[in-house]
Amino acid sequence: MMCNGAVPGETGKRDENLKRGNWGNQIEFILTSVGYAVGLGNVWRFPYLCYRNGGGAFMFPYFIMLVFCGIPLFFMELSFGQFASQGCLGVWRISPMFKGIGYGMMVVSTYIGIYYNVVICIAFYYFFSSMTRVLPWTYCNNPWNTADCTGVLDVTNGSTASPVNFTQIFNQTLKRTSPSEEYWRRYVLKLSDDIGNLGEVRLPLLGCLGVSWIVVFLCLFKGVKSSGKVVYFTATFPYVVLTILFVRGITLEGAVTGIMYYLTPQWDKILNAKVWGDAASQIFYSLGCAWGGLITMASYNKFHNNCYRDSIIISITNCATSVYAGFVIFSILGFMANHLGVDVSKVADHGPGLAFVAYPEALTLLPISPLWSVLFFFMLILLGLGTQFCLLETLVTAVVDEVGNDWIIRRKTFVTLAVAVVGFLLGVPLTTQAGIYWLLLMDNYAASFSLVVISCIMCVAIMYVYGHRNYFKDIEMMLGFPPPLFFQICWRFISPVIIFFILVFTVIQYRPISYNAYVYPTWAITIGFLMALSSVICIPIYAVFCIMRSEGDSLLQRLKNATRPSREWGPALLEHRTGRYAPVLSSSTESQLEVQLLNPEKPKSDEAGMAVAITVGSNGSTHSQDSKI
């Protein structure tokens, strides 16, 4: 029976890997990966980048980068994790010296996991605040509002604000602050004046952070067996909400103007290096390359699953979602600009400014605005949770695979709980009055150029240290066909060059971080660079450690031994270890193996004895994962 998107030769629907488990079916893996790749950036970053970089003209470099960098890297990471059935640490049996890449991925996932859940908790706060007859950021008559506040509905509703000309307010020097901005800064965040002035912990945000971590834990407490069921809802419902908001948006007056701003090509910008750099960066970060999540999710696939097809489906779905989200965002922003009599560029924003200020303000103009607000923030929560699931699973899987014994595998739920509790505690400082400053600092530095460096070294390690021919043979053994020639060329030449281009572009385009008018002090930027360095530094530190531990009389001999694949490298299960991975067995061991395969319920003591007889790891430890079939 063919199942799980298998290539010929795969049978049965039970778990192949009884020790680690597998996805219930292939749909679960695809939905989880789509949920992981499609995140908040698709809604709050891509549409703005598109509008800023030439509208429809931006689509050309965007899809060029998708084809030559995005999909190949996505396929490489999926095939890497699936072949070894290991998380982001275990896969580096392929070349032990580069295991620091796996630790770097864990550090990056830790940083992102901490601040990503804080963004989700703010979305939870707005979600709960929207459950009212009048959205609290509609008018300027609240205790937290200032004299500068002018709401778009205040004039028509006869509040204390004096009638004004909105075009004059936007285009001249009069300073207008919207009720949604004051709600965000003065009520939700109670924003302090400096990153070093933490102030008090905002208890409502702390409570929402607790809720979001509890939700993540409950969805992951049984690993991929529980999260695989949850994604049927969390990965699909955002598309329902996007469609509802899209239909509502395009029926509004001024929506076409907003969409034209989003799509009208400015072909002269296509010659600008910044446009190509933004396109490459957006593809790279949006797909989640070098986070460790793709390797982790693929490691729970069955060995012969067609991950080549999956990588194309997921990558294209991710990019199509970004384009679709642009219609949803700019139709509403066009309507708001039309209502105010200003240019769309005056109301367009990105990041938290779009999600928690500009878009919520636009929603106040709609009839039954609380309904649209509830839907919008529920969509943000689900988009965030899909990514958060994979970030947490990446860390848990790396720890469990690294320890690797039965004791910790049976207690994986407790490992998940421990990681969630630590993540919650580390997120507490981000719920203080200076929390948004720290959140943006982590977003800008912890997961920026370090990802590019990690990905570049990973490409070099697999293609040039392990060897492209070896890797192509591994994929052929797993899928039944070698990677297409296009992917072979991309992996060896084109993708590393593009990654290097992104790195150079990131360095050239670097500007010190700021938040609205606030400029970060030097000490804060230094902390940001240290966070970025903390993940990259794992690679050389572990490489030196590995070389020192390697056998050999000379440095060159030690280097060769440190980069050579360990004996444990290869398919996790003996049934898939064929060809050059086939274990060398004596005749007595072969007969014992035959008995074990026919009697899978043998006592564990016999099984352990078998493991020793079958194969011994490079460090002298038994390779138990191969032996338990």
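**Exercise 1. Which exposed residues does the face of helix 23 turned away from its buried side carry?**

Step 1. Start with the terms: exposed means over 50% relative accessible area, buried under 20%, and partly exposed in between, using a 1.4 Å probe and protein chains only. Helices are DSSP runs of H or I with at least four residues, strands are runs of E with at least two, and both are numbered from the N terminus.

Step 2. Find the buried residues of helix 23: Cys538, Ile539, Tyr542, Ala543, Cys546 and Ile547. They lie on the same side of helix 23, because they cover an arc of only 150 degrees around the axis. The arc is taken from the directions from the helix axis to the C-beta atoms.

Step 3. Turn to the face pointing away from that buried side, and you meet the exposed residues Ile541 and Met548.

A word on the model: it is predicted, so local features need pLDDT of at least 70 and side-chain atom pairs count only at pLDDT 80 or more, while totals for chains, interfaces and linings use all residues. Residues are numbered from 1 along each chain as its sequence is written, and side-chain values use heavy atoms, leaving out hydrogens and water.

**Exercise 2. What covers the buried residues of helix 23?**

Step 1. Look for contacts, meaning heavy atoms within 4.5 Å.

Step 2. The cover includes helix 5, helix 20 (449–479), helix 22 (522–536) and helix 24 (555–563).

**Exercise 3. What span should helix 23 have, at 1.5 Å a residue?**

Step 1. The expected span is 1.5 Å times one less than the number of residues.

Step 2. Helix 23 (residues 538–549) has twelve residues, so it should span 16 Å. Its end C-alpha atoms are 16 Å apart, which agrees.

**Exercise 4. Where does helix 21 bend?**

Step 1. A bend is the angle between axes fitted to the seven residues ending at a residue and the seven starting there.

Step 2. Helix 21 bends by about 55 degrees at Trp491. Trp491 is also one of the buried residues of this helix.

Step 3. Helix 4 (56–84), helix 12 (273–286) and helix 14 (307–340) are among the elements covering the buried residues of helix 21.

**Exercise 5. Which residues touch the most other members of the largest nonpolar core?**

Step 1. A nonpolar core is a set of buried Ala, Val, Leu, Ile, Met, Phe, Trp, Tyr and Cys residues joined through side-chain atoms within 4.5 Å.

Step 2. Of its 197 residues, the answer is Tyr126, Phe356, Tyr471 and Tyr520. Helix 5 (residues 99–129) gives the most to this core, with 19 residues.
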